[in-house]
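Hello,

Here is the structure I promised to pass on to you. Have a look at it first, and then read my notes below.

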Amino acid sequence: MLGFAQLFASRLVKALAILIAIVVMNFFLVHAAPGDPAMVMAGEAGAADEKFVEQLRQQFGLDRPLHEQLATYVGKIAQGDLGFSYRQQRPVWDILAERLPATLILTLTAFLLALAAGVALGTLAAITVGTWADSAITVVALLAYATPIYWIGLMLSLLFSIQLGWLPAFGYETIGAGYTGLAHAADVAQHLILPVITLALFYMAGYARLTRASMLEVRGQDFVKTAKAKGLSQSHIVTRHVLRNAILPVITVAGIQAGQLVGGSILIETVFAWPGIGRLAFEAVLQRDYQVLLGIFLVTSVMVILFNILTDILYGIVDPRIQAAR
Amino acid sequence: MTVPLLDVRGLSIALPPGADRPLAVDNLTFTLNANEILCVVGESGSGKSMTAHAMMGLLPHPHVRVSAGSLLFKGRDVLTMPEAEQRSLRGGRIAMVFQEPMTALNPLMRVGRQIGESLRAHTPLPAPARHARVVELLDQVGLPNPAELADAYPFRLSGGQRQRVMIAMALACQPDILIADEPTTALDVTTQKQILDLIRAIQAERHMGMMFITHDFGVVAEIAHRVAVMRHGKLVEYGAAGDVLNRPQHPYTRQLIASVPHYIEHRDDHAKSGAPLLVAEKVRKTFHVGGGLFRKSKPVVAGDDLSLTIHPGETVGLVGESGSGKSTLGRSIVGLIKPDSGRILFEGTDLLSLDAKGFRPYRRRVQMVFQDPYASLNPRHRIGDIIAQGPVAFGEDRNKALKRARELLAMVGLDGSAADRFPHEFSGGQRQRVGIARALAMEPKLLVADEPVSALDVSVQGQVLELLDDIRKRLGLAMLFITHDLRVAAQVCDTIAVMRRGKIVEMGTSRQVFTHPRDAYTRTLLDAIPGKAWHIPDDLQKAPVVGAAS
Amino acid sequence: MINADFWKAFARNKGAVFGLVILAGILVLAAFASVLFPGDPWDMATAPFQPPLSDGSPLGSDMLGRDIAAGIAHGARVSLLIGLTSTAAALAIGVTLGALAGFHGGRVDDAIMRFTELFQTIPNFVLAVVLVAIFTPSLTTIVAAIAIVSWPPLARLARAEFMSLRTREFVQAAITTGQSNSAIILRQILPNSLSPIIVSASLMVATAILLESSLSFLGLGDPNAMSWGYMIGAARTVIRQAWWMSFFPGLAIVLTVLALNLVGEGLNDALNPKLARSRG
């Protein structure tokens, strides 16, 4: 158990280092954004006279050397100050905080669904390798892997909400219904179905393919031969020996792809008008609200780091060697 | 007449179309009785493992399948039994131990549990009784702290310990037959001896019938009651151990026995003349494994105060078990590793003090022959180019170098036309000849040969050893011969240095090391040589004439 | 590398042949876009909201009367162009960094791998959106952004290949026979690490096309180039009335990406039959 704690601590330190690097990168992106920030701010504030701009420069320390500005910036980030959106006239963090829960629900559910369904389908395909079930899973996975997620989203909503009317096409809840308690939860869940399936489908396809390939590879390894030579039943061999070993690369890839999944929420939230950070990103792009956009960049990066820690813990649980390797 | 424990009748195993031959095993017939050890001997591709796999239902179906014959266990054909019944035999009545202990255990499952699985599948024992039995089994195979060890994961165990776990697993349900497929091949020689002793003791105690698959006649001499020799899927000789070992009839058996490396008694001591060619002084090297930003790396001492002298024309054998650091010294001499301290003097110049540019001329004079003939030739280059690349790098005209390559190929016993072909068209032994030609192309004075025959079949081993011996005599080369096999060293070396844990514990002439070892560890090594009590028949003592390319 | 054996192995994979045929079709469509659909795809060609199979517009028209089929043909050019160039750029960054890390090991490797990890942690689509938005959308910024977010897997792959090959005995033999570092990298290691890199690159073209279409979907495409993602994004709001405007461009993306994935798998089968591994 000590090994596990140590592992966890070292991962946290690493995550912190990556976070700092991202903050620094963010700082340089702010500076790369078109136009003099002061001019932009002044323009957004609706006054562009020279004196006001100069005043803004001093106020925000834009006349100081770059490294001082960086230090100020990092200091502010550390205090949770992600800047100010002049378009919305609100601090960036307030805007983000309001949208964060919706995105967390969406991405986390999709991530777990993709992982669970992907591993299940991949396992099924590997067990039935060469049969119609395997072929069907392989073809579906291949198609899902080749389809842009926003298009799947559009087509699913075209089918299930516009044509069939089964599920709501967009939004987080039924506006004006005034549901509370369980009814509200059920309402949100209903709104959640299409976005989650859409977001999960692409990654599920990837994990299914990977699980299948990994299972087939592990099946040929020596220890599986040992298990067969012990006279164990086929199902026991698959669940206890093959699957557990085969799942390790899937977890690794899931961790690496967490970033893509979080990024994909921009598209899904845009399609389904899901009021999360992704939808906010789309609005910020339309309005060229760079402060908000960069805030989103930072917050989503933190989300990915959290997802990575989650997969690390999963990996540590499955593979005893990790805890002892230190 | 009683029914034999195992009766194999006319067994044939078909390979998929496109394989190098239609039948992996061809009309094989033999029996195995209770309370005996049958050694099945053969080189790679002889079909010996395939036979064992057929018995255990482990053939990679549907590609490979039994096409004829029967496998009778106590009179009943295993092959026609329903799957459930076969499964209850497997691990219950017939158990198997595999070659590679490092990969044969599930890395994610505690070893006790892996043994317990067998008991769970074949006995009605409740969990606590199973656990007690597991601990008892681990104790029986000589593992320390069995109760603690049962909770360990395989990666904590050494190769020898893992093989003991495998044996405990096989013994779990008191099988009638134990199949051991090269169970000691992947182990160091001292560990091999311990495992062989264990297997023999367990077999005698439980009166099991045992089928022991091996390629090594030394091992056969150590444990066999009866012997079956296989070649290309066919049984070529079958009889009592004493007969086959001492009065082999079939030419192939005779060739295999003649190829067993052994100390040649009438070899003269090498007369050291002139200044030493190479002197290694107090070479030290520590590797740091693991380690990262927040972790301390673990130091592994690979070389600790290594000193060694090689005279012109002398062959020095560097013998040690895995991890003893023997390769470290060889790689330091050819400049693949930079030692932490010490000196390596080649004709008086300290190689370690030279920078890359200064070292370059010495690259020509010291050359290396590598271990794995499958990995040591670039698969995308033609043989001729592979040999010529070195001289060309030193400014020789390419056409001239290619012409020389053909001559060298002839010298190592290959046809000159081999130069235009790619490595995959050649067998392991032939590739090793190419590797030797590549080293010779540089016209070296010292050849470092790092386990040059350990990846080869025994009969090919003999041929390559002879080639090396012949060439170094003809060209007056000095050689540092690195090997884990004392028998091989004894056959080709003038001087032998024995290494253990990064130190040279003994160095002397082959004769002295073999007949009057001074160090206790050397004695342990000598004692561990399988079949040391067996005297190879006199008419086979002299190695066969070098035939055509292997 | 490309010989009769290669084609035999490739052709054994039916899907790969199917993919190659589709890909050839898309290439022809892209090459002859201006011949098949002369004129600017941005111009109004017929009445708005024409359903498929109507006069003069086989796949219908959009809300401004632009021909969907013409848009798809011209969009194929943009998709393929961006897919190929951004993959080439990602290859240049990834393989160089990976090769350096794998060949030199030690501190160089450590530094490069930390850098790679950083880029792998950043949600790549978000970064691409931020980059394109800040540096204003154009073909160049889109290609650069896709390359910047796509190189890490290639770097890891190249590193792993170089690392394993560097310790191979034939590379050590090249060192002991006095060959120069550049000769060792270019003649001994690179040719042997090429097949997995080619396979990944072919799959990356598909990913790059998906990324480009996603950017265009959000309105971050090059405003002068007709692209599939843009067509879907623009038609999104009228999907209730006109499904075909977003359906057909999406189908074009699916077919292209599917074809590339299938070809990539075929390449994998043909190039990696344990060739570089032992006992080939």
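**What I found**

Over residues 8-257 of chain B, the chain is 38% helix and 25% strand, and the C-alpha atoms at the two ends are 26 Å apart. That stretch is one of two, residues 8-257 and 278-526, that an unreviewed UniProt entry labels "domain: ABC transporter". Please keep in mind as you read on that this is a predicted model.

Next, chain A. It has 13 helices and two strands, and its C-alpha trace spans about 85 × 55 × 40 Å along the principal axes. Of the 326 residues in chain A, 43% are buried. If you take the contacts in chain A between residues at least 6 apart in sequence, 70% of them join residues at least 24 apart.

Chain C is built from eleven helices and zero strands, so to speak an α-α-α-α-α-α-α-α-α-α-α pattern when read along the sequence. The C-alpha trace of chain C spans about 75 × 45 × 30 Å along its principal axes. Here 56% of the 280 residues count as buried. Among contacts in chain C between residues at least 6 apart in sequence, 69% join residues at least 24 apart.

Now to where the chains meet, beginning with chains A and B. In this contact, 21 residues of chain A touch 25 residues of chain B. On the chain A side, α1 (2-32), α9 (222-229), α10 (234-272) and α13 (320-324) each supply at least two residues. Which of these helices gives the most? That is α9(A), with six residues. Sorted by class, the side of chain A that touches chain B has six nonpolar, seven polar and eight charged residues.

Chain A also meets chain C, in a contact that takes 42 residues from chain A and 34 residues from chain C. On the chain C side, at least two residues each come from α5 (106-121), α6 (124-134), α9 (181-217) and α11 (244-271). The largest share is that of α6(C), with eight residues. By class, the side of chain C that touches chain A divides into 21 nonpolar, ten polar and three charged residues.

If you would like a place to start, try the two contacts of chain A: the one with chain B, where α9(A) gives the most to the chain A side, and the one with chain C, where α6(C) has the largest share of the chain C side.

Happy exploring, and best wishes

Terms used
Residues numbered from 1 in each chain as written. Chains lettered and ligands numbered in written order. Predicted model: local features only at pLDDT ≥ 70, side-chain atom pairs only at ≥ 80, totals over all residues. Helix = DSSP H or I, 4+ residues; strand = E, 2+ residues; numbered from the N terminus. Buried ≥ 20, exposed ≤ 12 C-beta atoms within 10 Å, placed from the backbone. Contact = placed C-beta atoms within 7 Å. UniProt positions renumbered as here; feature names shortened; annotations may be inferred. Nonpolar A, V, L, I, M, F, W, Y, C, P; charged D, E, K, R; others polar.
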